[in-house]
Amino acid sequence: HYERILAAWPRLRDSIRQRCGPRDELLRRTAYAAERSGDFARAVDLTAERIAAAEGTAADQALRWERLARYRWEAGDGHGSRAAYEEAVRVLPSNAPAAVRAMVLSGFAWHLAATFHYDEAKPWAAAALTACARVDDQAVRWQVYLAQGIAWLGTTAGHEDRADHEISLGD
């Protein structure tokens, strides 16, 4: 249904467009639906369209780049994924909301660790964990913890400190 609305968008009256919400949100939802159905190439194309439209804040753009990176990874484009994560980190403003910082930084850390660049991933995962301290959204927190865990995969150093930190978060 999202694809139909997207195809009809140029012909829709303003009153109908208003009920559908912003085009960027429609593109986001359509990309998500494409990704969930396994059409990763379509998710990539839709997210690239969102980036090209350049709507919203710099933090919004950073999140779009992070999504593009994830969709490229799922589409089998590891190099394109890394380039998109690097761009997400580059455009991420220092004053971005904590949840946005945590998502972007942990995404990049996850990618680096998933491509066996553990030492490079660790500082990004640590920065994501710092940002995550002010985030209540459990999905964001778990993404950060996943990136942190994968970054430490294959090593024994750091696990004790990580466990102590996890315990202190529960206090």
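Helix axes are lines fitted to C-alpha atoms over the stretch in contact, with angles running from 0 to 180 degrees between N-to-C directions, and angles under 35 degrees count as roughly parallel, over 145 as roughly antiparallel, 65 to 115 as roughly perpendicular and the rest as oblique. Helices themselves are DSSP runs (H or I, at least four residues) numbered from the N terminus.

The structure is a predicted model, in which local features need pLDDT of at least 70 and side-chain atom pairs count only at pLDDT 80 or more, while totals for chains, interfaces and linings use all residues. Residues are numbered from 1 along each chain as its sequence is written, and side-chain values use heavy atoms, with hydrogens and water left out.

The predictor's confidence in each residue, pLDDT, runs from 0 to 100; its mean over the protein chain is 87, and 89% of the residues reach 70 or more. Confidence is highest in helix 6 (residues 78-91), at a mean of 97, and lowest in helix 10 (residues 159-170), at 52.

Helix 5 packs with helices 3, 4 and 6 as follows.

| Pair | Axis separation | Angle |
|---|---|---|
| Helix 3 and helix 5 | 12 Å apart | about 20° |
| Helix 4 and helix 5 | within 9 Å | roughly 160° |
| Helix 5 and helix 6 | within 8 Å | roughly 165° |

Helix 5 is therefore roughly antiparallel to helix 6, and helix 4 and helix 5 are likewise roughly antiparallel to each other, whereas helix 3 and helix 5 are roughly parallel. A crossing is left-handed if the near helix is turned anticlockwise from the far one by less than a right angle, and right-handed if clockwise; helix 3 and helix 5 cross in the left-handed sense, as do helix 4 and helix 5 and helix 5 and helix 6.

The largest pocket (on a 1 Å grid over the protein atoms alone, an open set of points with protein on both sides within 12 Å along at least five of seven lines) has a volume of about 300 Å³, a volume being the space filled by 1.4 Å probe spheres set on the points. It is lined by 14 residues (each with an atom within 4 Å of a point), of which R28, R50, L63, E66 and R67 are the closest to its centre. Helix 3 (23-36), helix 4 (40-53) and helix 5 (58-74) each give two or more residues to this lining, and helix 5 contributes the most, with 6. By class, the lining comprises 8 charged residues (Asp, Glu, Lys and Arg), 5 nonpolar and 1 polar.
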